[in-house]
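Reader: I have just begun learning how to read protein structures, and I would like to go through one slowly. Could we look at it together, one question at a time?

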Amino acid sequence: MFETLTDRFEGILTRLRSRGRLGDAEVTEVLHEIRVALLEADVNLNVVRDLTERIRARCSGAELSKSLTPAQQVIKVVNEELTETLGGTQFKLSYASKPPTVVLLAGLQGSGKTTAAASLARWFRQQGRHPYLVGADLQRPAAVEQLRVLGESVGVGVFSEPTDPVTVARRGLEEAERLGRDVLIVDTAGRLAIDEELMEEVRRISSVVEPHYTFLVVDAMTGQDAVRTAEAFNATLRLDGVILTKVDGDARGGAALSVKQVVGKPIAFVSTGERPADFEPFHPDRLASRILGMGDVLSLIERAEREYDQEVAEKAVERLQAGRFTFDDFLEQLQQLKKMGPLQGMLGMLPGVPKEVKNAKIEEKDVAKIEAIICSMTPSERDEPNLIDGSRRLRIANGSGTSATEVNNLLRQFKEMQKLMRSMPMGKMLGGGARQKRGGSRNKKKGGRVTPSARHSR
Ligand SMILES: Nc1nc2c(ncn2[C@@H]2O[C@H](COP(=O)(O)OP(=O)(O)OP(=O)(O)O)[C@@H](O)[C@H]2O)c(=O)[nH]1
Ligand SMILES: [Mg+2]
């Protein structure tokens, strides 16, 4: 996501760092580069003008800090102003004193409403809430079924009936109250273009459920069209915020950077994939850092904390300490990793990961292959890989649908990894937290998680 912008900024900041003093001429030059980068990223012209002016005002003014170099100061200003353009602070959702808190989703056809409805339901569950979904899209024959399947995958019930969208919404709300659910998410139908019929239907649904939050779901890949759509919807529906979807496919970032200033409504959540797990609250500051190539470590840590099973991690650490890390442990680590989402997405969030590594395709199917190979080993082979001779290797290759060479490669990598782990001082590897008790430092978790995968993915 946002590769174009990130690449451009990386170049600008690298050149900036190589400079000593920064005079007015240098600042003007940097601003020009930033301006071009933003325009290339399809950011709204007024937004670009405003942002560069704010940066100029602070850089040519006397905002000087003794502890920072001129380049660092400029980067700090750019980071802060970029954060501001993205919305400043994080969107805060508060719950209705009289439940359920009603959330209405609207948007154009295919923008990702139904997916977002399920993702949002999953997110509410993680917040300890009891959400309920309403399928008020009766336009497309399969729409309700799609929501039911998604709802089931996140363990949230779905209400719908073949009446009409407004009745479905009203009855859905009654049902949520009857069941004692505290959050109600209403999925609505989309249309190809903004038309009066669509607006009228959403308005009527809105007037019967009286949502606490109305979110517009927009496809980031449509750039400035997304922003125009948001303006139009905001004029009739009084939006509370935007859910930006398909950010994974958006190399430019124009919509993300323009929507807050143009529409006046913040981005509340972002979706970066088709799975309900690829969805999170939007953090302006983190995205700004990420665009500036400083990585998004906090999001990564949060995701790890959410998805990573602490006990499995502890067990692995114990076995590592005892010098007994087997293929079974390895398999468990892989499965943990898979829960956390695409490896590529995670690498993108780490600062300082070289571009070649970020861009190297780590295919999910490679991981599946490794799993297949390990699953074709006998328990004793997993425990003691040295048992695996030529004929066993062939059997494992046949069993896993791979070749003897692939099995060999994995064995070799695994042995190297074991050796490396044994030789590594535990304290260093685990950020000094190796001997802490459960619930210890973040570093410990991070150590247990990152190390095996990092070894493996190279
Ligand atoms: N890559 C990617 N695909 C997404 C994302 N969100 C949704 N999709 C996909 O986009 C397509 C449309 O998503 P839906 O959730 O059905 O969109 P919708 O707005 O409900 O569509 P209608 O109900 O037809 O108006 C589906 O194939 C989704 O899997 C995302 O963040 N990233
Ligand atoms: Mg839909």
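Reader: What percentage of the 458 residues in the protein is buried?

Author: Before we begin, please keep in mind that this is a predicted model. A residue is called buried here if 20 or more other C-beta atoms lie within 10 Å of its own. Among the 458 residues of the protein, the buried ones make up 41%.

Reader: How many helices and how many strands does the protein have, and in what order do the strands lie in the sheet?

Author: The secondary structure comes to 22 helices and 8 strands. The 8 strands form an open sheet with mixed pairing. At its edges are β3 (158-159) and β8 (279-281), each of which pairs on one side only. Reading across the sheet, the order is β3-β2-β4-β1-β5-β6-β7-β8.

Reader: Which residue in β5 stands opposite Leu105?

Author: Strand β1 (residues 101-106) and strand β5 (residues 213-219) run parallel and are joined by 4 bridges. The residue that stands opposite Leu105 in β5 is Phe215.

Reader: What angle does the direction of helix α9 make with that of β5?

Author: Helix α9 (residues 224-237) packs on the sheet, where it touches β1, β5 and β6 (241-245). Helix α6 (residues 143-153) packs on the sheet as well, touching β2 (131-136), β3 and β4 (183-188), and its direction makes about 165° with that of β2. For α9 and β5, the angle between the directions is about 160°.

Reader: Which helix gives the most residues to the shell around ligand 1?

Author: Ligand 1 is surrounded by 20 residues, and the closest are Gly112, Thr114, Thr115, Gly190 and Ser271. By character, the shell divides into 1 nonpolar, 13 polar and 6 charged residues. The helix that gives the most to this shell, with 3 residues, is α5 (residues 113-126).

Reader: Which residues of helix α4 are buried, and what covers them?

Author: Helix α4 (residues 70-85) has 16 residues and reaches 23 Å from its first C-alpha to its last, close to the 22 Å expected. Its buried residues are Ala71, Val74, Ile75, Val78, Glu81, Leu82, Thr83 and Thr85. What covers them includes α1 (3-17), α2 (24-40), α3 (45-60), α10 (254-263) and α11 (284-291).

Reader: Is Lys246 buried or exposed?

Author: Lys246 is in the loop between β6 and α10, and its phi is positive, about 55°, although it is not a glycine. Most residues other than glycine have a negative phi. Because Lys246 has 23 C-beta neighbours inside 10 Å, it counts as buried.

Reader: And Glu210, is that residue buried or exposed?

Author: Glu210 is found in the loop between α8 (196-209) and β5, and its phi is also positive, near 40°. A residue is exposed if 12 or fewer other C-beta atoms lie within 10 Å of its own. Glu210 has 9 such neighbours, and therefore it counts as exposed.

Reader: Why is Asp240 called partly exposed?

Author: Asp240 lies in the loop between α9 and β6, and, leaving aside residues up to four places away in sequence, it touches Tyr213, Thr214, Phe215 and Lys265. Partly exposed residues fall between the limit of 12 or fewer for exposed and that of 20 or more for buried. Asp240 is partly exposed because the number of other C-beta atoms within 10 Å is 19.

Conventions:
Residues are numbered from 1 along each chain as its sequence is written. Chains are lettered from A and ligands numbered from 1 in the order in which they are written. This is a predicted model: local features need pLDDT of at least 70, side-chain atom pairs count only at pLDDT 80 or more; totals for chains, interfaces and linings use all residues. A residue is near a molecule or strand if its C-beta atom, placed from the backbone, lies within 6 Å of it. Helices (H or I, at least four residues) and strands (E, at least two) are DSSP runs, numbered from the N terminus. Ala, Val, Leu, Ile, Met, Phe, Trp, Tyr, Cys and Pro count as nonpolar, Asp, Glu, Lys and Arg as charged, and the others, Gly among them, as polar. Two strands pair if DSSP finds at least two bridges between them. Two residues are in contact if their C-beta atoms, placed from the backbone, lie within 7 Å. Axes are lines fitted to C-alpha atoms, for helices over the stretch in contact, and angles run from 0 to 180 degrees between N-to-C directions. The expected span of a helix is 1.5 Å times one less than its number of residues.
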